[in-house]
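Trainee: Could you walk me through this protein before I start working on it? I would like to ask short questions as we go.

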Amino acid sequence: MWPFFQCVECRSRILRKVIQKPPAARCFNTDGQRKAIAAPPIDFSSRDDLPPPNIRNARVIPASPSYFSGRPDFTDNLLSLQALLRRYQTLPTVAPGQAPRVAWRTVSQYRILVGEPVRASKYHQVIDVLKRLNQIHPAVMPPELQEAMQIYKRDVDPYAIVKQPSVVDEDGRAFGIGKRKSSSAKVYLVQGEGEILINGKSINNVFGRIHDRESALWALKATGRIDKYNVWALVTGGGTTGQAEALTLGTAKALMVHEPDLKPALRRAGCVTRDPRRVERKKPGKLKARKMPAWVKR
């Protein structure tokens with residue numbers, strides 16, 4: 001309730017203040033014509049009133065921006081290679097199969113070089129960039145790029161590394177080595193009537209399961225040579241499944257020494273490629289490799 005004023009002039013003055021409209025919002029200038037004015041820089045060298053610097057408060061400035069990361073040398077190497085790739089990515093390249101053969105450093109050798117615990121997956125990023133840089137045509141390869149790639153090369157001649165071909169010895173035996181998981185098999189193959197000895201025992205005594213027996217002889221069975229060769233093998237390590245599949249690879253390699261034309265058929269049967277799969281290790285806090293214990297709310 002408004003107070004009662006005897007003076008009409010005072011009442012009108014108060015009403016004008018109450019009814020007065022709020023001030024309009026201030027519009028900011030966005031045309032960019034007015035520029036911000038910064039303070040002039042301070043020249044500390046010309047000021048004599050400043051106290052002398054305290055050496056105890058001084059700190060060493062790192063030479064690399066990645067000094068405070070976990071692997072500064074590796075990070076600097078990767079960033080420098082990526083910068084070179086961005087600079088020279090427009091140069092003409094050759095096909096991956098026609099690029100110069102290079103023996104790159106292994107991850108263990110690179111760890112010794114930089115003195116840092118670099119993971120293999122991280123080092124693969126460096127190798128991928130190096131392979132892309134190596135595809136640049138040798139005629140237009142810049143000297144800067146050649147010098148940067150030289151520290152990642154091994155001091156070996158990759159063209160001098162030639163795999164010695166396996167041959168049949170004077171006794172008519174062909175030798176092959178097969179591996180699977182932690183099992184290793186040394187297989188000797190000679191022409192015969194299909195006799196098989198594994199560690200001096202028959203295949204039925206070594207492998208109780210039919211599946212393991214078929215796996216051990218799958219290379220001969222897939223090519224129809226099961227009754228034309230005798231197999232003598234030494235198997236060590238692992239279990240029955242690993243030993244049987246190690247015998248498959250070793251028998252296939254020995255069979256290709258006798259008959260090289262069987263390689264396409266053996267590849268289609270899956271007997272030529274080494275299977276790299278292994279049992280995944282158990283992790284702490286888990287029941288197995290990935291199985292977690294049952295979650296209980298309370």
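Mentor: We can go through the overall build, then some single residues, the salt bridges and the surface, and please keep in mind that this is a predicted model.

Trainee: How many helices and strands are there?

Mentor: The secondary structure comes to ten helices and four strands, and when you read along the sequence they follow the pattern α-α-α-α-α-β-β-β-α-α-α-β-α-α.

Trainee: And what share of the residues is buried?

Mentor: Of the 298 residues in the protein, 26% are buried, while the area that the protein exposes is about 22,500 Å², with carbon and sulfur atoms supplying 56% of it. As for contacts between residues at least 6 apart in sequence, 69% of them join residues at least 24 apart.

Trainee: Let's take one residue, A185. Is that one buried or exposed?

Mentor: A185, which lies in strand β2 (residues 183-191), counts as buried because its relative accessibility is 0%, and the cut-off for buried is under 20%.

Trainee: What is A185 in contact with?

Mentor: If we leave aside its neighbours within four places in sequence, A185 is in contact with G176, I177, G178, L234, V235, A246 and L247. Of these, L234 also takes part in a nonpolar surface patch together with L197 and W232.

Trainee: How much area does that patch have, and where is W232?

Mentor: The patch covers about 260 Å², and W232 sits in strand β4 (residues 229-236), where it is partly exposed with a relative accessible area of 39%.

Trainee: New topic: which residues other than glycine have a positive phi?

Mentor: Two that I can point to are K181, with phi near 55°, and N199, with a phi of about 55°. K181 is found in the loop between β1 (174-180) and β2, whereas N199 is found in the loop between β3 (196-198) and α6 (203-206). K181 is partly exposed at a relative accessible area of 32%, and N199 is partly exposed at 37%.

Trainee: What about salt bridges, how many are there?

Mentor: A search of the whole structure finds ten salt bridges. Side chains of opposite charge can pair when their charged atoms come close. One of the bridges joins D169 and R173, with their closest N and O atoms 3.0 Å apart; D169 is partly exposed at 24% relative accessible area, and R173 is partly exposed at 37%.

Trainee: Which one ties together parts that are 95 residues apart in sequence?

Mentor: That is the salt bridge between R180 and D275, whose closest N and O atoms are 3.3 Å apart. R180 lies in strand β1 and D275 in the segment after α10 (263-268), so the pair ties together parts that are 95 residues apart in sequence. R180 counts as buried, at 7% relative accessibility.

Trainee: And R225, what does its side chain meet?

Mentor: The side chain of R225 meets that of E259 in a salt bridge of 3.0 Å, N to O. This pair links distant parts of the chain, with R225 in the loop between α8 (218-223) and β4 and E259 in the loop between α9 and α10, 34 residues apart. R225 counts as buried, at 17% relative accessibility.

Trainee: Which residues are joined into one network?

Mentor: Salt bridges that share partners join R180, E245, D275 and R277 into one network.

Trainee: Last one: where does positive charge gather on the surface?

Mentor: A patch of positive charge is formed by K163, K179, K253, K263, R267, R274 and R278. Among them, K253 has its place in helix α9 (residues 240-258) and is partly exposed, with a relative accessible area of 36%.

How values were computed: Residues numbered from 1 in each chain as written. Predicted model: local features only at pLDDT ≥ 70, side-chain atom pairs only at ≥ 80, totals over all residues. Heavy atoms only, no water. Patch = residues over 30% accessible without salt bridge, like charges linked within 9 Å, V, L, I, M, F, W, Y side chains within 5 Å. Areas by Shrake-Rupley, 256 points an atom, 1.4 Å probe, with all protein chains shown as cover. Salt bridge = Lys/Arg side-chain N within 4 Å of Asp/Glu carboxyl O. Lys, Arg positive; Asp, Glu negative; His and termini not counted. Charge placed at Lys NZ, Arg CZ, Asp CG, Glu CD. Helix = DSSP H or I, 4+ residues; strand = E, 2+ residues; numbered from the N terminus. Buried < 20%, exposed > 50% of the residue type's maximum accessible area, 1.4 Å probe, protein only. Contact = heavy atoms within 4.5 Å.
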